[in-house]
Structure formats: C-alpha cells, structure tokens
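Trainee: Could you walk me through one part of this model up close? I'd like to look at where the two domains of one chain meet.

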Amino acid sequence: MEIKILGPGCANCKRLYGEAEKAVAQVGQPATITKVEAIEEIVGYGILKTPGLVIDGKVVASGRIPGAFEIATMITTALAKA
Amino acid sequence: MSLATAAPATPASADTAGRRALGQALLLLLGAAAWWLVYSRLAAAASWLTFEGLGLVRRTALGSAVEFFLYEAPKVLMLLTLVVFGVGIVRSFFTAERTRRVLAGKREGVGSVLAALLGVVTPFCSCSAVPLFIGFVTTGVPLGVTFSFLVSAPMVNEIALALLFGLFGWKIAALYAGTGLAIAVVSGLVIGRLHLEGWVEPWVYGVKAGAGGPTEEALTWSGRVAAGREAVRDIVGRVWPYVLGGIAVGAGIHGYVPQDFMASFMGRDAWWSVPLAVVIGIPLYSNAAGIIPIVQALLGKGAALGTVLAFMMSVIALSLPEMVILRKVLTLRLIAVFVAVVGTGILVVGYLFNFVL
C-alpha cells in the first residue's frame, strides 16, 4: 500500500504525515509513506488545497488533516476494495 | 462530550438522531451563555486584578500596560474563538472546489466581484496559494478573477473582521471589508485587462488538470459543528502566540508611548505616513489576529485611521512570504505588477480615510 502526503512542507503537512504514521501503525498493514513536496507533482493530483492525502494513487482528503483514526478507516476501506 | 467525526453511522432511529441534535443545540446554547457571562465581566476583572490584585498604581505606565494586557488578551481570544467557530460552520458550506466551479468561465466583471466575495468565505491558507492558483487558472477561471480571489482571501478574512468589530465597532469593520473587497475587485479587473497571462510561469498552463479532490459528501449538522470545533482547534491553536505577542506590544505602546507620539509621524498631517505605512507593511508578516491589537494601540496614540488601515492591509495582503511562495507560479514581473496594483489600491484607501475622516 502506498500512501503519499502532498504538501510544500508547511506545518500542516508535517502534522498529516504524523497522523498517517500513527494510522499505519494502528492498522498494522505494511505501507510506505512518502512526502511529495514538488509543486508540479502535487498539482498533478488536481487538489486545490494542501495538505493532500493519497492512498494507492487516489486522493482521499485535501485541505484538511484527518486524524489517525479517520486515516486508519480510510486505509481499511481501501484494503477492502483492493 | 464527543461529537461523531468519523464516518457517519446510521442512527438507530430518527428519535435518537433528534435527541442528539437537541442535546447539541442545548450545549451550544449553554456555551454561548457562559461565553457572554465571562465576556461582559472582563473589563471589570482586568481592572480589579491589576490594581487590587497586583497592587499596581493607576495611571502609571506599568499599570496601564498591564491592565490593557489583562483585559485585551482574554477578550480578543474569546472573540476569536467565537468567530472562528461560527465561520468554521459557515465555511463548511463552501469549499475551494465549489468556488472554482462557480468562477470557471465567468466574465471578468462579474467574475471579479464574485471571486472577491467568495474569497471571504472560502477557507484559505498561504501554503495553498499555489495549488489553488494553478487549479483555478487551468480550469477556466480568468487570471484577473483568480487574482481578485487571491487578494480578498487573506485580507478580508473573518478573523480580521471579527477583531475589528469587537475592538472598534461595526462601522470600522464594515469599512475595512468594503474597501478590502473594492481593492480586490479592482486589482483583478486591472490585471485581467492587462492580459498578463504571458507573465505566468509557462509550465503552469501546461499542467494537466488532475482528477480533482475526493467527491464532497453533504455534511450533517453534527459534521458542521465538528468543522467549527476543528477550525477553533486549528486556527486559535496556531494563532494565539501571535495574538498574545501583538497584545503585549500593544500593551507596551498603550502604557509607555506618550499620548500623541504617533500623531507626529502617523497622524493626518504627515502626507508621507501612508506610503511609509504601506512600505513598512510589506516585509512584515502577521496574520490579522496579531496585528489588530497593535493597530488599536496605535490608534489610541493618535495615529490616523487611514494610515493605520493601510499598514494593516499591507501587512496582511502584501506579505513577503506569500510572494516567495507565489514565485513558483508567477514571474517576477507579474508579482511586481500584483504588488504595484494592490499597493496602489491600499494607498488610495489610506489617503481617502485620512482625508475624509
């Protein structure tokens, strides 16, 4: 499972990264979390507001910071669909 | 007390949902009452604490400064919390995606006005400036209209309006909102007229408009209240050091700067005070919450309203950090034009106020 955090490096993006890490630990599913900071790449996902959260190529949240619990739910939903 | 923020569960019955909604409404009402009780007693409490509690002497510099701080700090924070909460709820009705849909393809005049108005209610943070700009511009929102949004969003925000209203009354808040919107609309129109699309960084227009964000679900009232609380946690949580810092500076000015000191170089008769205020404002960065207490102290010391407003707008709207961020998508020439147009608008507003009031 591939999780990406989209953001140019402001405090919110770091917070989202932290929440994503916690969520992955909660779910226990092996996942790589990468931070995408290049604007050109971020924009390619079509989000209007950073930070953005991408799970396996699909944008699941943008412009807000879902808590670890919510992210964990998103991860399990994505797993169920796979 | 925890309001559901996770994926909405199906209520066991309409009855449960109804009772929960009633419970929430009661809690909100109680909260509002408590807020009002505390708020209306702040001035008296600050006075008592400073002069009876701490034993400071009235009318001394230290006494004035401390009383100012003890009154203004909780007052501003409480106002801020109330307004951010309320606006957080209002904003749950508006998203950036919806704004973009509304603005795409609109004609310049109508579009600029709409963009300026939407800028007030659409949530916006500086770091989102770039994806937002690109997102708008590549999906058919004219350049000028996008700029109207970019000017009004940070400048005419609910925090500034709330604080101005609380500290100076509705007239000044309305004036600030009105002139801020006017500057946003005019700047957008001017930039649109100049047809500067060629001055946007070339790679921007080549970006493929991505798939877009997740599909928006309609929020329940529970979700909206949660959005309000989240906004308070987020915004007040980030901004309170600036607010306290700003109030501390304001307290210092209030207590220690002689009564008409500011009048000498920020007063109405110093014609160069307005351009100076605008120029000083550019490298300074503060959100509205931090700067308004300073503004209040300055005004109290004889600074002219126009000059102070110009200073405030310049700090918020022409912020160097935001310019640096926008450098990724705008050529230096376009940034210069942007600063010039908005700066001129602010200048005009400053002079107007000094002249008229």
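Mentor: Sure, let's start with the whole chain: chain B has 17 helices and 0 strands, taking helices (H or I, at least four residues) and strands (E, at least two) as DSSP runs numbered from the N terminus. Keep in mind that this is a predicted model, where local features need pLDDT of at least 70, side-chain atom pairs count only at pLDDT 80 or more, and totals for chains, interfaces and linings use all residues. Residues are numbered from 1 along each chain as its sequence is written, while chains are lettered from A and ligands numbered from 1 in the order in which they are written.

Now the split: an assignment, automatic or from a database, divides chain B into domain 1 (26–91 + 224–251) and domain 2 (96–207 + 257–356). Their C-alpha centres sit 26 Å apart. Where they meet, 17 residues of domain 1 of chain B are in contact with 16 residues of domain 2 of chain B; contact here means C-beta atoms, placed from the backbone, within 7 Å. On the domain 1 side, helix H3 (61–91) and helix H11 (221–256) of chain B are the elements giving two or more residues. H3(B) provides the largest share, 9 residues. By type, that side of domain 1 of chain B has 12 nonpolar, 3 polar and 2 charged residues; Ala, Val, Leu, Ile, Met, Phe, Trp, Tyr, Cys and Pro count as nonpolar, Asp, Glu, Lys and Arg as charged, and the others, Gly among them, as polar.

Notes: Contact = placed C-beta atoms within 7 Å.
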